[in-house]
Amino acid sequence: MKITEEEIRKITQKTIESLGKSAPLEKVEREVASLIKEIETSENPAGSSEITSGKIILTSFGINHPGIVASITKSFSDNLCDILDISQKILGDFYTMIMIVDITKSLKDLRSIQEEMNKISEELKIKIYLQHEDVFRYMHRI
Amino acid sequence: MSYEFDEIVETIKMTELENFDIRTVTLGINLRDCIGSDIKTTKNKVYEKILKYGRHHVQYASEIEKTYGISIANKRIAVTPVSIPFDCFGSDELVELAVTLDKAAGEIGVDYIAGYSALVQKGFSTGELELIKSIPEVMKATKRVCSSVNVASTKAGINIDAVNMMSEIIKKTAEVTKDDNSVGCAKLVTYCNIPEDNPFVAGAFHGVSEPEVTLNVGISGPGVVLDAIKEAGNVDLQKLAEVIKRTVFKTTRAGELIGRKVAEKHGIPFGIVDISLAPTPAQGDSIADVLKAMGVEDVGAPGTTAALAMLNDAVKKAGLMASSSVGGMSGAFIPVSEDQGMISAVKSGNLTIEKLEAMTAVCSVGLDMIAVAGDIPAASIAGIIADECAIGIINDKTTAVRIIPVYGKTVGDSVNFGGLLGEAPVMKVSRLKSDNFVNRGGRIPAPMRSLTN
């Protein structure tokens, strides 16, 4: 995260207040630099979390029969997952479906949701894959 | 952000149907601070340090696998070349140390730990000699420890004394592990221009210029490239290069993502992504099949080297565009026993060791997983290693030899190493002698870098 000049000015003012007006310039500089570093690292921990979104992509296919969308969406709804996009195609007896789902407000993490979907996929004899959106973004967007 | 239907289907197809996986996430650990006053304290320090960083390696990798729906085939550990910090120990003590490495790897739950290594391209230190001497015993006494010895580099030339020594060590390792088809040699690589950040076992180690601990990742994906080439149909070679690049770009991006995420979970820096196309014995995960799909009748046909060169180059170009952290070997691997297509090409007599050697001039990583008759003279192995090193130093690239003179087997036999190591038909090697050349000893001087013709 980038700190603006305005913020640096405020940090400097606060530092001078806390160190006293007679504090030597180098000491203030050092203090400010370490504070800025602290803020930068705390808001951007090791690695690159900036690319992480709370979205997951569900891909499902199999032999079409009633109740597939209902079962999947009910599970999402029970878990407070927000469906952002659905696209679906029927090809003869087969269907394919893709959903983009926001799970940031869900109380469950991706793994527990995956487990629920595994149950549904066994019950309905269809395939369901649940993957974090990052992998699609990394592969298909620069 | 929205995605096209086709894009999502493409990713699912890669991960579910085309064997796209992350071949390895390798945790590199610095052991230079683990030297103690005697072997006992040293062993304790080494064990504690590996456990400290590696304890959760398998668990973290598995969690990331589930989150992204991309499987990670291997979780491994690489350590500082053992001969560097532990130069003061004798070969018996070094064997004890290797057993400790083996135990630590077992405790963590990884199948291989690499770094029982020495860098002797210019000459030997006392400790390095002890380490090389101990290799056969280590290969016998441990299951998971992998060893590599660098005997040549573009800057130093080829240490023929080391080449001779390694050929003897390889023969001896084959003998002491004869009950397991000489499998010890499958965990021992002789290198030229060894990279310091290679995540692929058996040649991995944690280089001296690496940070305290780092996570490197090796991607895979011959299956994905194969399907892309098949789908492209009969297009010209420029278009084909484009198809390969497009595919590898995506697999590299996925590889880097997985590596970064595993590193993030560990709370350690991410190192590199090695973009090598690495085959497995699984059907459809073969470099040989890719070459055949490009148009050669079988591996070994005239044109094979050109096809491989083009494949390797396209892989590199795409990988470099996709990631700013490309490192390690980053080429196409052509191990014989680990690639179903290569195995059948050798069995049918289409692929000879000489053609393989030519192919290694344009790809990584050399004569890899080659089984030869157990009675091959050590001087012939030395000659083979020297040839590979020559290709490496002149072309300023990494080459290596992982040759298995299977004890008691002859040409026509076949050896099964099991698992990822696969099955190797015993290959024919010329019976012409190289003794008088390699027995001269000394060092082939470093090559010149201009007038490169």
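**Where chain B meets chain A**

Start with one pair of residues: B:E63 and A:R111 join their side chains in a salt bridge, with 4.0 Å from N to O. Keep in mind that this is a predicted model. Between chain B and chain A the salt bridges come to two, and there are also 10 residue pairs in polar contact, both residues at pLDDT 80 or more.

Which elements of chain B give two or more residues to the side that touches chain A? They are α1 (5-16), α3 (57-68) and α8 (237-266). Of these, α1(B) gives the most, with 10 residues. Sorted by class, that side of chain B has 14 nonpolar, five polar and 11 charged residues.

Now zoom out to the whole interface. Counting contacts, 30 residues of chain B touch 31 residues of chain A. The size of an interface is often given as the accessible area lost when the parts come together. Here the area buried between chain B and chain A is about 2,900 Å², and carbon and sulfur atoms give 65% of that.

Next, move along chain B to helix α13, residues 378-395. How far apart should the ends of its 18 residues be? At 1.5 Å a residue, the helix should span 26 Å, and the end C-alpha atoms of α13(B) are indeed 26 Å apart, so the two values agree. As for its surroundings, 14 of the 18 residues of α13(B) are buried (under 20% relative accessible area), which means the helix is largely enclosed by the rest of the structure. Just after α13(B) comes B:D396, which has a positive phi, near 55 degrees.

Technical notes. Residues are numbered from 1 along each chain as its sequence is written. Chains are lettered from A and ligands numbered from 1 in the order in which they are written. This is a predicted model: local features need pLDDT of at least 70, side-chain atom pairs count only at pLDDT 80 or more; totals for chains, interfaces and linings use all residues. Side-chain values use heavy atoms; hydrogens and water are left out. Helices (H or I, at least four residues) and strands (E, at least two) are DSSP runs, numbered from the N terminus. The expected span of a helix is 1.5 Å times one less than its number of residues. Buried means under 20% relative accessible area, exposed over 50%, partly exposed in between (1.4 Å probe, protein chains only). Contact means heavy atoms within 4.5 Å. Buried area is the accessible area (1.4 Å probe) that two parts lose on being put together, summed over both. A polar contact is a pair of N or O atoms within 3.5 Å; within protein, one must be able to donate a hydrogen and the other to accept it, and residues adjacent in sequence count only if both atoms are side-chain atoms. Ala, Val, Leu, Ile, Met, Phe, Trp, Tyr, Cys and Pro count as nonpolar, Asp, Glu, Lys and Arg as charged, and the others, Gly among them, as polar.
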